[in-house]
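Here are my quick notes on this one. Have the structure open while you read.

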Amino acid sequence: FVPVHFMFCCLNCYIPQGIDGTNFLISPVYAPDWILRKLPKHIHIRSSAYDPLLDDTVNFTRRLDANGVKYTHKIYLLPHGFMNVAVPPVSGAIEAKNESIRILQEIFEFF
């Protein structure tokens, strides 16, 4: 559980005052359908189960489904920001990072 006032504090750190938070350049969940249909043939999405933004990610995958975009979505049983956890390592974070690195290597080998 994350208190609402803390969520607004975090939001203000990412989105400057006066900027619309529903701008799709800030959050792809708000992207118009025509942009979603131009995404690569298959995208990889990684999320954490203990993330206040998980609902947005799930809503984004529903939008991808509706627009015929293929994707994989893996939800790790880790906290928000798990990709930045270095020391001490959170159980499972290193494996999640390594899997993400492997996916990126596969993508870049294609090019």
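1. Let's begin with the cysteines, keeping in mind that this is a predicted model. Cys 10 counts as partly exposed because its relative accessibility is 26%. Cys 9 lands in the partly exposed class too, because its value is 43%.

2. How many disulfides does the structure hold? Zero. The cysteine sulfur closest to that of Cys 9 belongs to Cys 13, and at 4.9 Å it's too far for a bond; the cut-off for a disulfide is 2.5 Å between the sulfur atoms. Cys 10 isn't in a disulfide either: its nearest cysteine sulfur is the one in Cys 9, 5.6 Å away.

3. Next, the surface patch. Val 4, Phe 8 and Leu 11 make up a nonpolar patch on the surface, and together they have about 290 Å² of accessible area. Val 4 sits in helix H1, which covers residues 4-14. Val 4 counts as exposed because its relative accessibility is 54%, and exposed means over 50%.

4. Now for the largest pocket, which holds about 1,000 Å³ of space. The lining runs to 29 residues, and those closest to the pocket's centre are Asp 51, Pro 52, Leu 53, Asp 56 and His 80.

5. Which element gives the largest share of that lining? That's H1, with six residues. Strand S1 (42-50) and helix H3 (54-66) are worth a look as well, as H1, S1 and H3 each supply at least two lining residues.

Conventions: Residues are numbered from 1 along each chain as its sequence is written. This is a predicted model: local features need pLDDT of at least 70, side-chain atom pairs count only at pLDDT 80 or more; totals for chains, interfaces and linings use all residues. Side-chain values use heavy atoms; hydrogens and water are left out. Patches are made of residues with over 30% relative accessible area and no salt bridge: like charges are joined within 9 Å, nonpolar side chains (Val, Leu, Ile, Met, Phe, Trp, Tyr) within 5 Å. Accessible areas come from the Shrake-Rupley method with a 1.4 Å probe; for residues, only the protein chains shown count as cover. A salt bridge is a side-chain nitrogen of Lys or Arg within 4 Å of a carboxyl oxygen of Asp or Glu. Helices (H or I, at least four residues) and strands (E, at least two) are DSSP runs, numbered from the N terminus. Buried means under 20% relative accessible area, exposed over 50%, partly exposed in between (1.4 Å probe, protein chains only). On a 1 Å grid over the protein atoms alone, a cavity is a set of points where a 1.4 Å probe fits but cannot get out, and a pocket is an open set with protein on both sides within 12 Å along at least five of seven lines; lining residues have an atom within 4 Å of a point. Grid points are joined across faces, edges and corners, and a volume is the space filled by probe spheres set on the points.
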